[in-house]
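Please look over the sequence and the structure below before reading on. The paragraphs after them lead from the whole chain to its interior.

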Amino acid sequence: MLDGRVSVNGKHVRELGTKADLENDDVRVDGVRVKAPHTLVYLVLNKPRGVVSTRKDPEGRPTVMALVPQVAGLFPVGRLDVTTEGLILLTNDGAFAERVSHPRYEVPRVYHAKVHRVPGPDTLDRLKRGVRVEGDFMAVDRARVIQAENNAWVELTLHEGKQHEVKRLLEAVGHPVSKLRRVALGPVTTRGLEPGQFRALTPDEIAGLRKGEGGRAPAMQRVPRRRKRPPAPARTAAPKRPAAPARPEAPARPAGSTRGSKRTEAPPVTRGAAREGREVPSESPRTRRGETRRSGPFRGARR
C-alpha cells in the first residue's frame, strides 16, 4: 500500500488501515483484482422424484439447483437418477466432493428399494457375495428386508456407487425395483427432511464424511405380514326339538256307532239265495276278474 500498488474502486490507497469490502468493492493489487475468500458451503437435500441432479438440464427439466440457495460455485456431489429420490449433497468444496464420492474412500451409502416379491435369505446372501452384471462385479455390504407383504422394501448398504448399481443388482437376482430412495450417506441422513427440503451439514457430519464414517439410516415403519384369518369355529348342531307327546288313545265307541270308523254293510242277497233261504256274499275279487262263481244256481257259469 505504501508503494501505491493497491487500489480500491480505481483509486490508489496508501494509508494503512483503509477498509474495503471485498464482496462489493473493486480491490486490486498491481492491477489484479483480489477476490473474497471462498466461503465453503455444505448442504444436504432430500431430492424429490422427477428432479435432475445436475446444475443445468438441456431438456429443461427442474434441477436440484432450483431447490437450494444460489451460492457461487455450488454443485451436486454425485448423481441420483431422475426417478430416484433421497439424499444428495451439494457443496462448493471440490476436495470434499472428491473425498466423499470416490469409491476408494468407501463412504457407505444406504438405499431403500421397493421390489417385486419378497427376497428370501438365499437371495440376500447372494447380494452380499456379489453378482456379475454385464461384466461388472457388484456386491453389497449389508442387505435386509424391512417391510414385507406381497412386495417388499429392502435396505441395501454399499460403498462403490456405480451407475444404476442398486437397480441392476436387484434386477439380476430376480427382484426388479419399482421405487428407490437414498436415505443415508456416511453419517448424514434424510431424517427430518421432507422431499424438496434441505439443511446445512453440521461440523460433526462434515468431519465424519471426511473420515468415511457411517451412520444409522432412518428407520422405516414396519408393516407386519398379513396374518391368515383364523378358521371359523365349527357350527354346532341345532338342538333337537322335543318329540311331541303321544296322543292318548281314543276311547272305545259304543256298538252301532259309525262315526270315525269304516262303515260295514251287510252282504247283498242274491236271487238264488233268496229262494233257498240263505245268504250268499257278493262278488269277491276273484269273480270281478272274470272267474266263475261257485255258489248259487248258476255255479260254473261265467258272467
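What follows is a walk through the fold, its cores and an aromatic pair.

This is a predicted model, in which local features need pLDDT of at least 70 and side-chain atom pairs count only at pLDDT 80 or more, while totals for chains, interfaces and linings use all residues. Residues are numbered from 1 along each chain as its sequence is written, and side-chain values use heavy atoms, with hydrogens and water left out.

The protein has six helices and 15 strands (DSSP runs, H or I of at least four residues for helices and E of at least two for strands, numbered from the N terminus). Of its 303 residues, 33% are buried, meaning under 20% relative accessible area with a 1.4 Å probe and protein chains only.

The largest nonpolar core (buried Ala, Val, Leu, Ile, Met, Phe, Trp, Tyr and Cys residues joined through side-chain atoms within 4.5 Å) holds 19 residues, among which Leu127, Leu156, Val166 and Leu170 touch the most other members. Several elements each supply at least two residues of this core, including helix 2 (121–129) and helix 3 (165–172), but the largest share, four residues, comes from strand 12. A second, separate core of 15 residues includes Tyr42 and Val77.

The structure also holds one aromatic pair, formed by tyrosine 42 and phenylalanine 96, whose rings lie 4.8 Å centre to centre with 70 degrees between the planes, an edge-to-face arrangement (ring centres within 6.5 Å, planes over 60 degrees apart). This pair links distant parts of the chain, since tyrosine 42 is in strand 5 and phenylalanine 96 is in helix 1, 54 residues apart. Both tyrosine 42 and phenylalanine 96 are buried.

Definitions and conventions. Phe/Tyr/Trp six-rings, centres within 6.5 Å; stacked < 30°, edge-to-face > 60°. Buried < 20%, exposed > 50% of the residue type's maximum accessible area, 1.4 Å probe, protein only.
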